[in-house]
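Please find below a colleague's note on this structure, set out as numbered points. It is meant to be read with the sequence and the coordinates to hand.

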Amino acid sequence: MNKTFSDKNNGIDYTLVGEVYLPNLISTETNYEIGMWGQRHLRYIKQHRKAFYTSLLTSCKLNSYLHDVDVRAAEMYDRLVKQLKEQQGITEQLKADNMMAWVRAMNNITNQAREIVNAEVIYV
């Protein structure tokens, strides 16, 4: 028996270990840090899109996919907070004059931005 062989149908190389041929699997997965947005999306796809999750996991693309989602969601969130602050006229002057009004307004803005990101990026 040959020690190794390559299956032309699927392109995977196999090595003989004992009496069994095992695939030579090399992980091409990168090891990015996954932030809050990526972790939320991971929970969502694990629960609601199991086939998609399994496909990403077995193709070693899960980490890079979650990293992309995390980066895209974080950028969208930051952009939305900035835009909403400008639209609603929330300034540093308001912060200096009336701290509680500024905190209420900023909490409202961050909640709006979070809901938009969740609806458009995380839970899709």
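The points that follow deal with the sheet, a helix, the nonpolar cores and the aromatic pairs of a model that is predicted.

1. The sheet is open and is formed by three strands in the order β1-β2-β3, with antiparallel pairing. Its edges are β1, residues 4-6, and β3, residues 20-23, each of which pairs on one side only. On average, and with direction ignored, neighbouring strands of this sheet are turned by 30° against each other.

2. Within that sheet, β1 and β2, the latter covering residues 13-17, are joined in the antiparallel sense over three bridges. Phe-5 is found opposite Tyr-14 of β2, and these two residues, together with Tyr-21, are linked by ring pairs into a cluster.

3. Helix α3 runs over residues 62-88, and its length can be checked against expectation: because 27 residues at 1.5 Å a residue should span 39 Å, the 38 Å between its end C-alpha atoms agrees with that value. After the helix comes Gly-89, which has a positive phi near 70°.

4. Which residues of α3 are buried? They are Leu-62, Asn-63, Leu-66, Val-69, Asp-70, Ala-73, Met-76, Tyr-77, Leu-80, Val-81 and Leu-84. In an α-helix there are 3.6 residues a turn, so residues three or four places apart point the same way. The cover over the buried residues of α3 includes α1 (36-48), α2 (50-58) and α5 (99-122).

5. The largest nonpolar core comprises 17 residues, and those with the most contacts inside it are Val-117, Val-121 and Ile-122. Both α3 and α5 supply at least two residues each to this core, and the largest share, eight residues, comes from α5. In soluble globular proteins, nonpolar side chains tend to be buried together.

6. Ile-122 deserves a separate look. When its neighbours within four places in sequence are left aside, Ile-122 is in contact with Trp-37, Arg-40, His-41, Tyr-44, Val-69, Ala-73 and Val-117. There is also a second, separate core of seven residues, which includes Ile-34, Tyr-44, Leu-56 and Leu-62.

7. How many aromatic pairs does a search of the whole structure find? The search finds five. One of these pairs is formed by Tyr-44 and Tyr-123, whose arrangement is edge-to-face, with 5.5 Å from centre to centre and 70° between the planes. Because Tyr-44 lies in helix α1 and Tyr-123 in the segment after α5, this pair ties together parts that are 79 residues apart in sequence. Tyr-44 counts as buried because its relative accessibility is 18%, where the cut-off is under 20%, whereas Tyr-123, with a relative accessible area of 40%, is partly exposed.

8. Another aromatic pair, that of Phe-52 and Tyr-65, is likewise described as edge-to-face, with 5.3 Å from centre to centre and 80° between the planes. Phe-52 belongs to helix α2 and Tyr-65 to helix α3, so the pair ties together parts that are 13 residues apart in sequence. Phe-52 is partly exposed, with a relative accessible area of 27%, and Tyr-65 is also partly exposed, with a relative accessible area of 21%.

Notes. Residues are numbered from 1 along each chain as its sequence is written. Side-chain values use heavy atoms; hydrogens and water are left out. Two strands pair if DSSP finds at least two bridges between them. Helices (H or I, at least four residues) and strands (E, at least two) are DSSP runs, numbered from the N terminus. Axes are lines fitted to C-alpha atoms, for helices over the stretch in contact, and angles run from 0 to 180 degrees between N-to-C directions. The expected span of a helix is 1.5 Å times one less than its number of residues. Buried means under 20% relative accessible area, exposed over 50%, partly exposed in between (1.4 Å probe, protein chains only). Contact means heavy atoms within 4.5 Å. A nonpolar core is a set of buried Ala, Val, Leu, Ile, Met, Phe, Trp, Tyr and Cys residues joined through side-chain atoms within 4.5 Å. Rings of Phe, Tyr and Trp (its six-membered ring) pair if their centres lie within 6.5 Å; planes under 30 degrees apart count as stacked, over 60 as edge-to-face and the rest as tilted.
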